[in-house]
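Please look over the model shown here. The report below covers a sheet, a helix pair and two backbone outliers.

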Amino acid sequence: MLFGRLPLLHQLAVRSSSITITQRWLSSYNPSDFTFNGTSYSSTVDANAPTTGPLADAQSVKLTPKNLKQHLDRFVVGQSRSKRILSTAIYHHYKRVQQLRQRQEEQDELLRSSQTMGIHPVEDEYPGQQRTVNVIPKRDYLPIHDHTPLTIEKSNVLCLGPTGVGKTLMLRTLARVLEVPFSMSDCTPFTQAGYVGEDADVCIHRLLVAANWDVRKAETGIVCLDEFDKIAKPKTSHGTKDISGEGVQQALLKIIEGTTLQINTKPERRPPVGLPQTPIGPNSPFNPASAGMGSGGAGNSGKGETFTVDTSNILFIFTGAFIGIDKLIINRVSKGSIGFNAPVRGASADDLAEDEELMKKLTPFYASEDNVENVMGGNVIRKKKFNPLQMTEPGDLINFGLIPEIVGRIPVIAAVEALDEGMLVRVLTEPRNALLKQYEQLFQLSGVELRLTSPALREVAKTALAMGTGARGLRTVMERLLSDAMFESPGSSIRYVLVNESVAQRKQPPIYFSRGSQHKFHAMIGDEEERWAMQHSHKPLVKPTILEDVSEKAKATGSV
């Protein structure tokens, strides 16, 4: 018996000695003993101290409506009121998404904690034990209480205005900075279910693809429906069923309001029988990855996969030109001038803009002062312009051809204004991806420097304005002016291409300069810029630093 207890006593002695050593080590522990680059680790954190280490250069962007509008200002010229409305709508949707995600995480945590606790097994331990009966006392019944949290409903947005002013560009720019899925669909090919064309739920399918087949992310995304005015009801009915107008609007009702859709993915496409067996490359149309099928798609099954998507929290943004609705608005507003002692109002937008009392009544954000804008470092006073689309009412949309049910589901209306000549010049030069910068970079790839003078920019904007297609006409004019230069310059001795006022007026071809003619190139630019500035008594559109360099180089070479 004595020999059997020796191992047990030995184990107890070893354990007691290890505990004593551990206590001595803990008592002598000092956080400063562990250092990295002279900095010790400690258990205290100073929240006001600057961040050090790998995260020192990390910066978090605070998403606010003002920041979103400032971001839009770098890409889109003008449209201040529309930018404010869209930025506010996007910001509120972003906050709604964060609240929904936080609430869902809390519900999941409560569900997991309730499942881990389980059921108390007292009543099941003893067979034959009588179960507990909950007796309701005899008293007056309490009223029914709904303890569901407050739900913030979404506010869909309608952005209307002429073509080529930046409606789609604003939405695409915002989509790049958002952390929610975004998809854009064209309403032109939409038809009623059962007819040739695309069904209305295709927009949700594209949103699901943008979310990488994540249903939870897609249910809080943003859907943009472009060319929304193309599904308006026709003015006259020819006795046929309207499958692409009112039928599509009826199909969009429940999707916009909130419903559950069954989205079926297409199965993997196989090459037709009889074609030679060639390997399927990554860009082949028969490759499921190139066909838009993600990892959660139906590329592995023959029948495809079905996803259930709830559209209650999806924000819908509608865009369209709505050609002719401005006449409906002017006719509605000018009706008040009929009768005795009634103010006489003109039937044009300029006549209505002169009536300040009417403007204050119909547009709460109307300001009679002139706009002072900062253009290329100088203040330019622009006369206040009146946009009839700012007074759009739901009745105007109904008269245009939309059904009242779908108009009531779009509470926010943002109107964009047409671009004038000065704004087109700013579109050419100011945005981050301005058209002039694109062509300069395109010529730079071939080792050629392209330059347009201020009079040439004005002529380009004037020609594009006459086309009536907005900012899209600028690329058409630039392609016509530079088509010969883009053909002749690559691989030749041409190093400088100049487009002045005569070239922009199509009186002569672009002016070419070789490698050794840099001084003539800059001297010609400086002469035309100074002449144009003296004639118009304002600053040139070319950057001042460039003009200074031009004048200095011209004086140094003796050409001035």
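What follows describes selected features of this predicted model.

**The sheet**

Five strands come together in an open sheet; their order is β4-β5-β8-β3-β11. The pairing is parallel. Which strands stand at the edges? They are β4 (182-186) and β11 (412-415). Each has a single partner strand, so one side of each lacks a neighbour in the sheet. From one strand to the next, the twist averages 20°.

Inside this order, β5 (residues 222-226) is joined to β8 by 4 bridges. The two strands run parallel. In this pairing, V223 stands opposite F316 in β8.

A helix also packs on the sheet: α6, residues 202-210. Helix α6 touches β4, β5 and β8. Its direction makes about 150° with that of β4. Angles over 145 degrees count as roughly antiparallel, so α6 and β4 fall in that class.

**A helix pair**

Helix α16 (residues 454-467) packs against helix α19 (residues 518-536). At what angle do α16 and α19 pack? The angle is about 65°, and the axes are 8 Å apart. The two helices are therefore roughly perpendicular to each other; that class runs from 65 to 115 degrees.

On the α16 side, the contact is made by S454, P455 and R458. On the α19 side, E528, E529 and W532 take part. By class, the contact residues are 2 nonpolar, 1 polar and 3 charged.

**Positive phi outside glycine**

Most residues other than glycine have a negative phi. Two residues here have positive values, F322 and R506. The table sets them side by side.

| Residue | Phi | Loop | Relative accessible area |
|---|---|---|---|
| F322 | near 50° | between β8 (315-320) and α9 (325-334) | 2% |
| R506 | near 65° | between α18 (501-504) and β14 (511-513) | 56% |

Is each residue buried or exposed? F322 is buried, because its relative accessible area of 2% is under the 20% cut-off. R506 is exposed, because its 56% is over 50%.

The loop that holds F322 links back to the sheet. That loop follows β8 (315-320) and leads to α9 (325-334). Strand β8 pairs with β5 through the bridges described above, and β8 is also touched by α6. R506 sits in another setting, the loop between α18 (501-504) and β14 (511-513).

Terms used: Residues are numbered from 1 along each chain as its sequence is written. This is a predicted model: local features need pLDDT of at least 70, side-chain atom pairs count only at pLDDT 80 or more; totals for chains, interfaces and linings use all residues. Side-chain values use heavy atoms; hydrogens and water are left out. Buried means under 20% relative accessible area, exposed over 50%, partly exposed in between (1.4 Å probe, protein chains only). Axes are lines fitted to C-alpha atoms, for helices over the stretch in contact, and angles run from 0 to 180 degrees between N-to-C directions. Angles under 35 degrees count as roughly parallel, over 145 as roughly antiparallel, 65 to 115 as roughly perpendicular and the rest as oblique. Contact means heavy atoms within 4.5 Å. Ala, Val, Leu, Ile, Met, Phe, Trp, Tyr, Cys and Pro count as nonpolar, Asp, Glu, Lys and Arg as charged, and the others, Gly among them, as polar. Two strands pair if DSSP finds at least two bridges between them.
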